[in-house]
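Student: I have the model open beside my notes, and I'd like to understand the reasoning behind the labels. Could we go through a few together?

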Amino acid sequence: MAMVKLHNDWDELLAEEFCKEYYLQMRNFLKEEYRTKKIYPDMHDIFNALKFTSYENTKAVIVGQDPYINPGEAHGLAFSVKPGAKTPPSLANIFKELAADVGGATPENGHLERWAHQGVMLLNTVLTVRAGQSRSHANKGWEQFTDAVLDILDRREKPVVFLLWGKDAQTKGRIITNRNHLILQAAHPSPLAGGRFFGCKHFSKTNKFLKENGIEEIIW
């Protein structure tokens, strides 16, 4: 695995993090995992959340759990799937809430890169996973790394909306202490949450906050 190049302002902001002992140990673990097992996403897609949404352009952060575990789905953006992939149940529920909240037709596919390019960082808590094994790369170092990303954003003066869906994401709420920002919490959109995600209205609440702060709204 080559050293990470994000090709935007995150390179400088995370330079120290990429040199820390925990990260170097995790990197060695991942090299072996990718060599010997089927891991998602492709190693070139691991950091897409940071590549597609620069620090400066971040307006909102949707925090997920870990990547999808089925073939042809995960590509480095939380909740998003590759073009042509069937929409997973959690994402289908996100789209249902989106339609109920702000209206409009259900998106044709689950590829959310269009959100990322508008400033919605789609950041999983853990950035890699073994095929078919949820949480298989938990507690290997990713949680510390994504804590660092969120801490950097929290220290930014320009307001950000943090959307924390589910218990894994909500553990990150402790990092967000800057009163310039808005934290929105809801149940995970998974069908296992029993529909408690519905009615959160996070899409309209995000845009209301952005508008109040003179920031261009998201075209969901």
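Student: What makes both faces of β5 count as covered?

Tutor: Happy to help! In this predicted model, V161, L163 and W165 lie on one side of β5, F162 and L164 lie on the other, and all of them are buried.

Student: Why is β5 called largely enclosed by the rest of the structure?

Tutor: Count its residues: five of the five in β5 (residues 161–165) are buried, so the strand is described as largely enclosed.

Student: How do you know that β5 and β6 pair?

Tutor: Pairing takes at least two bridges between the strands. β5 and β6 have five bridges, in the parallel sense, so they pass that test. One of the partnerships joins V161 to L182 in β6.

Student: And what makes β2 and β5 a pair?

Tutor: The cut-off is again at least two bridges. Strand β2 (residues 60–64) and β5 share four bridges, also running parallel, and I62 has L163 as its bridge partner in β5.

Student: Why is A186 called buried?

Tutor: Buried means under 20% relative accessible area. A186, found in strand β6 (residues 182–186), has 10%, so it is called buried.

Student: Which residues does A186 touch, not counting those up to four places away in sequence?

Tutor: Its contacts are L164, W165, G166, Q170, F197, C200 and H202. Of these, L164 and W165 are buried residues of β5, on opposite sides of that strand.

Conventions: Residues numbered from 1 in each chain as written. Predicted model: local features only at pLDDT ≥ 70, side-chain atom pairs only at ≥ 80, totals over all residues. Heavy atoms only, no water. Helix = DSSP H or I, 4+ residues; strand = E, 2+ residues; numbered from the N terminus. Buried < 20%, exposed > 50% of the residue type's maximum accessible area, 1.4 Å probe, protein only. Contact = heavy atoms within 4.5 Å.
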